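Work through the following exercises with the sequence and the coordinates open beside you. Each task is followed by a solution that proceeds step by step.

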Amino acid sequence: MKILYFAEIKEKLDRAEDTFHFDYEITVTELKKHLYETYPVIQGKSFQVAVNEEFVQEDALIMPNDVVALIPPVSGG
């Protein structure tokens, strides 16, 4: 699956995207756990998860070929 990073997450990781290979579907919670283990620097950061351009809940399933975006809260002014 392709993971796209935005804003603070993108800056912390110094990358715009990753590709992870899973042979099975996983939940958003499982993906977050994998990301926190892979990139400890983002532990504790809040972000919304969008799958194929739609925001999803923690229990949503992500398929191996989906595109996932991690979008931190946006502050305006």
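**Exercise 1. Contacts and overall form**

What percentage of the contacts in the chain with a separation of 6 or more is accounted for by residues 24 or more positions apart?

Solution. Begin with the ground rules: this is a predicted model, in which local features need pLDDT of at least 70 and side-chain atom pairs count only at pLDDT 80 or more, while totals for chains, interfaces and linings use all residues. Residues are numbered from 1 along each chain as its sequence is written, and side-chain values use heavy atoms, with hydrogens and water left out. With contact defined as heavy atoms within 4.5 Å, residues 24 or more positions apart supply 55% of the contacts in the chain that have a separation of 6 or more.

Next, list the secondary structure, in which helices (H or I, at least four residues) and strands (E, at least two) are DSSP runs numbered from the N terminus. The chain has two helices and seven strands, and along the sequence they follow the pattern β-α-β-β-α-β-β-β-β. The radius of gyration, taken over C-alpha atoms, is 12 Å, close to the 11 Å that the globule rule gives for 77 residues, so the chain is as compact as a globular protein of that length. That rule is 2.2 Å times the number of residues to the power 0.38. Along the principal axes, the C-alpha atoms fill a box of roughly 40 × 25 × 20 Å.

**Exercise 2. Strand order and pairing**

Determine the order of the strands in the open sheet of five strands, and then describe how the neighbours pair.

Solution. Two strands pair if DSSP finds at least two bridges between them. Under that criterion the open sheet has the order E2-E1-E7-E4-E5, with mixed pairing; its edge strands are E2 (17-19) and E5, each of which pairs on one side only. Strands of a sheet pair through backbone hydrogen bonds, either parallel or antiparallel.

Now move across the sheet in that order:

1. E1 and E2 pair in the antiparallel sense over three bridges, and Ile3 stands opposite Asp18 in E2.
2. E1 and E7 pair in the parallel sense over four bridges, with Val68 in E7 as the bridge partner of Ile3.
3. E4 and E7 (residues 67-71) run antiparallel and are joined by four bridges, where Ala50 has Ala69 in E7 as its bridge partner.
4. E4 and E5 pair in the antiparallel sense over two bridges, and here Ala50 has Phe55 in E5 as its bridge partner.

**Exercise 3. The two faces of a strand**

Which side chains of strand E1 (residues 2-5) are buried, and which are not?

Solution. The classes are buried (under 20% relative accessible area), exposed (over 50%) and partly exposed (in between), computed with a 1.4 Å probe and protein chains only. In a regular strand the side chains alternate between the two faces of the sheet. Along E1, Ile3 and Tyr5 point to one face and are buried, whereas Lys2 and Leu4 point to the other and are not. For the chain as a whole, buried residues make up 35% of the 77 residues.

**Exercise 4. Positive phi outside glycine**

Locate Ala7 and Asn52, and state the phi value and the accessibility of each.

Solution. Take Ala7 to begin with: this residue lies in helix H1 (residues 7-13), and its phi is near 50°, a positive value in a residue other than glycine. Ala7 is partly exposed, with a relative accessible area of 45%. Turning to Asn52, its place is in the loop between strand E4 (48-51) and strand E5 (54-55). These two strands form a hairpin with two residues between them, and Asn52 in the turn has a positive phi of about 50°. Asn52 is partly exposed too, at a relative accessible area of 41%.

**Exercise 5. A lysine and a histidine**

Is Lys32 buried or exposed, and which residues does Lys32 contact beyond its neighbours within four places in sequence?

Solution. Lys32 is found in helix H2 (residues 28-38) and is buried, with a relative accessible area of 13%. Leaving aside the neighbours within four places in sequence, Lys32 is in contact with Phe47, Val49 and Glu58. His21, by contrast, sits in the loop between E2 and strand E3 (26-27) and is exposed, with a relative accessible area of 73%.
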